[in-house]
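Visitor: Could you take one part of this protein and walk me through it closely, starting with a single side chain and working outwards to what surrounds it? I would enjoy a connected story more than a list.

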Amino acid sequence: MTFADILLKYMRGPAQRERRREKGGTTENAGGSSLHLDTRPVQAEAPKHDIGKETQRLDTEVAKCKAGVAWIDLLEMGDRLKFGVYNDRPENDTETNKLVGSFKSSGIVPMKDTSAIPLILDIKRVKNVKTLGNDFTVPDDVPELQLKDSAKIVVASGQHRLSALRRYYQSLEDEYQALEKKRMKITNLKHPSEEHVQSFNEMRDEMCSIKGVMEGVGKWGVVIYDQGAYPSAHSPVSTAAVR
C-alpha cells in the first residue's frame, strides 16, 4: 500500500466510522434502514499526515547525508555511473530529446542544484573530501571530484541528462565534421573563387565556436552523499533525492 493510499484511507476513516455508528443506531431504532444523511456542520480538520511536511522532513534527512558538491566530466565518467539502484524508472526517449532541444536552444547550466547529479559514495573513496564545495553559488570555485579508485559510482538520478548530453555532443561532432568536409572540398579546388574563400573562413570561425562548446560540455555539477549515512534504496527517505 502506498503512502497516498494510507493517507486516503485515513481521511475517509472518521466519516466511515461515524456512518457505521449512525447506521447501527438506525437499524436498532427504525427497523433496519441503512441510509443516513450526515447533517452535521462541515468543519475543517487538519490532517495528521501532511504530505508537504512529510516531503520537507525527507529532504531534511537527505540533506544530513550531503558531503559536499563538486564537478565531473560526465561524458568521460558516464560508463562508470550506475543507475537504477534508487530510481528504476526506464529511460524515456521523448524526455531525452526534450533535453537535447533545451541544450541547443537555451544552453547548458550544469552547475546548479536543480540540474546537479546526486552521487551516493563511500566517503573513504573521495580523495579531496575536505575541499568539496558547499554549494554552486560560485561555479568557478567548485572543485573537480577526485576519487581513489575507478569502481562504479551509484547515482540516485540523472540517466536522462547523461543520455541527452551524449546525443548533444554527438550532434556537435557531426556538425563539426560536416564543416570540415566542406572546407576540404574548397581546399582541393585549383582556382577557388572569392565566395569560396569567404565561405572557407566563415566555416573556420564556426568550427572554432563548436570546438569551444565541445571542450567544456562534459563538465557537470554533482552532489556527493555519504553512502554510510544515506538511507537504503527501499527507504522512503531515499526518494527525496530522486524527485
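**A charged helix and the sheet beyond**

Guide: Gladly! This is a predicted model, and our starting point is Arg167, which is partly exposed with a relative accessible area of 31%. That value falls between the limits of 20% and 50%, so Arg167 counts as neither buried nor exposed. Arg167 forms a salt bridge with Asp93, and their closest N and O atoms are 2.4 Å apart. This pair links distant parts of the chain, since Arg167 is in helix α5 and Asp93 in helix α4, 74 residues away. Asp93 is partly exposed too, at 44% relative accessible area.

Step back one place along the chain and you meet Arg166, which has a salt bridge of its own. Its partner is Asp79, with 3.0 Å between the closest N and O atoms. Arg166 belongs to helix α5 while Asp79 sits in the loop between α3 and β2 (81-82), so this contact ties together parts that are 87 residues apart in sequence. How open are the two partners? Arg166 is partly exposed at 36% relative accessible area, whereas Asp79, at 60%, counts as exposed.

A search of the whole structure finds five salt bridges. Another of them joins the side chains of Asp205 and Arg204, at 3.7 Å from N to O. Asp205 is partly exposed, with a relative accessible area of 44%, and Arg204 is likewise partly exposed at 44%.

Arg204 also brings us back to helix α5, by way of another arginine. Arg183 lies in that helix and, leaving aside residues up to four places away in sequence, touches Phe200, Met203, Arg204 and Met207. Arg183 is buried yet has no salt bridge. Why not? The nearest side chain of opposite charge, Glu180, is 6.8 Å away, and a salt bridge requires the nitrogen and oxygen to be within 4 Å, so Glu180 does not qualify.

Helix α5 has a nonpolar side to its story as well. The largest nonpolar core has 33 residues, and those with the most contacts inside it are Leu74, Leu119, Leu121, Leu145 and Ile224. Each of β1 (66-73), α3 (74-77), α4 (93-106), β3 (117-121), β4 (153-155), α5 (159-187), α6 (194-216) and β5 (219-226) supplies at least two of its residues. The biggest contribution is from α5, with eight residues. Apart from this core lies another, of 14 residues, among them Val69, Tyr86, Met111 and Val223.

Leu119 and Leu121 lead us on to β3. This strand is mostly covered, with five of its five residues buried. Ile117, Leu119 and Leu121 point one way from β3, while Pro118 and Ile120 point the other way. In a regular strand, side chains alternate between the two faces of the sheet. Leu121 itself touches Val126, Leu145, Leu147, Ile153, Ile224, Tyr225, Asp226 and Gln227, again setting aside residues up to four places away.

How does β3 sit among the other strands? The five-stranded sheet is open, with the order β1-β5-β3-β4-β2 and mixed pairing. At its edges stand β1 and β2, each with a single partner strand, so one side of each is left without a neighbour in the sheet. β3 pairs with β5 in the parallel sense over five bridges, and Leu121 stands opposite Asp226 in β5. With β4, β3 runs antiparallel and shares two bridges; there Ile120 has Val154 as its bridge partner. Further along, β1 and β5 run antiparallel and are joined by seven bridges, including the one between Lys66 and Tyr225 of β5. Tyr225 and Asp226, remember, are also among the residues that Leu121 touches.

One last detail concerns the residue just before Lys66. Cys65 is buried, with a relative accessible area of 6%, whereas Cys208, at 41%, counts as partly exposed. A search of the whole structure finds zero disulfides.

Note on methods
Residues are numbered from 1 along each chain as its sequence is written. This is a predicted model: local features need pLDDT of at least 70, side-chain atom pairs count only at pLDDT 80 or more; totals for chains, interfaces and linings use all residues. Side-chain values use heavy atoms; hydrogens and water are left out. A nonpolar core is a set of buried Ala, Val, Leu, Ile, Met, Phe, Trp, Tyr and Cys residues joined through side-chain atoms within 4.5 Å. Buried means under 20% relative accessible area, exposed over 50%, partly exposed in between (1.4 Å probe, protein chains only). Helices (H or I, at least four residues) and strands (E, at least two) are DSSP runs, numbered from the N terminus. Contact means heavy atoms within 4.5 Å. Two strands pair if DSSP finds at least two bridges between them. A disulfide is a pair of cysteine sulfur atoms within 2.5 Å. Lys and Arg count as positive and Asp and Glu as negative; His and the chain ends are not counted.
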